[in-house]
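Ready for a short walk through this model? Keep your viewer open and select each stop as we reach it.

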Amino acid sequence: SKDVQKNALAELSALQKKMEEVHKRLMTFKAETKERKVSAAVADVVETVMADESKAKEVTDAAKIFSSESLDSVSIEALKQAGDKTSELEKACNEAIAAARKAIGEKQRSGERESEMHQALGKLHSRIFAAQGKLEKAKRAASQGSQLVKGKEVAASAEATIKETEA
């Protein structure tokens, strides 16, 4: 009876260990499946957010001239061109931000109540917020640049007036 008991306990222990391994693999499989499902569900939103981030980078690149240390050495024409380009790209970026927000809103209203889905959408929303912050920074720099252009134009016309009066 002691031998039977030992054999039964050993067999039970082995089966429990096997069951725990199978359970662990099952939980891993379920988690991976849920992750793939969420990724597939938000794939279109990820594309819109990436387009938004790309547009924000374009605006930032176009506005880099306004952030340089030697703005006084930059020509008025170059500043005007950079300002126009920044303004044009800013409009496209605002449209991309609106499209990304709309896509996130549609996914949130789609009825899926999975917390993983909402977490993924929250991360995407924070990426949009970061892109919008970059856009705002570039807009401020462009605004300062346009003020500099006006100042340079006023200074140039004042110099011309002074030269005329001296002559």
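Start by selecting α3 and α4: α3 passes α4 in a left-handed crossing, a term for the near helix being turned anticlockwise from the far one by less than a right angle, while clockwise makes a crossing right-handed. The model is a predicted one, in which local features need pLDDT of at least 70 and side-chain atom pairs count only at pLDDT 80 or more, while totals for chains, interfaces and linings use all residues. Residues are numbered from 1 along each chain as its sequence is written, and side-chain values use heavy atoms, with hydrogens and water left out.

Stay with this pair. The axes of α3 and α4 come within 9 Å and cross at roughly 160°; axes are lines fitted to C-alpha atoms, for helices over the stretch in contact, with angles running from 0 to 180 degrees between N-to-C directions. That makes α3 roughly antiparallel to α4 (angles over 145 degrees count as roughly antiparallel, under 35 as roughly parallel, 65 to 115 as roughly perpendicular and the rest as oblique). In the contact of α3 with α4 you will find 13 nonpolar, six polar and seven charged residues. Here Ala, Val, Leu, Ile, Met, Phe, Trp, Tyr, Cys and Pro count as nonpolar, Asp, Glu, Lys and Arg as charged, and the others, Gly among them, as polar.

Next, select residues 43–62 for helix α2 and 76–109 for helix α3. Helices are DSSP runs (H or I, at least four residues) numbered from the N terminus. The α2 and α3 axes come within 8 Å, crossing at roughly 160°, and that makes α2 roughly antiparallel to α3. This crossing of α2 and α3 is left-handed, and the residues of their contact are 15 nonpolar, two polar and seven charged.

While you are on α2, which side chains meet in a salt bridge? Show Lys 57 and Asp 61, which do so at 3.3 Å, N to O (a salt bridge is a side-chain nitrogen of Lys or Arg within 4 Å of a carboxyl oxygen of Asp or Glu). Lys 57 and Asp 61 are four residues apart in helix α2, so about one helical turn separates them.

Finally, bring up α1 with helix α4 (residues 115–166): the two pack at an angle of about 50°, their axes 10 Å apart. That makes α1 oblique to α4, and their crossing is right-handed.
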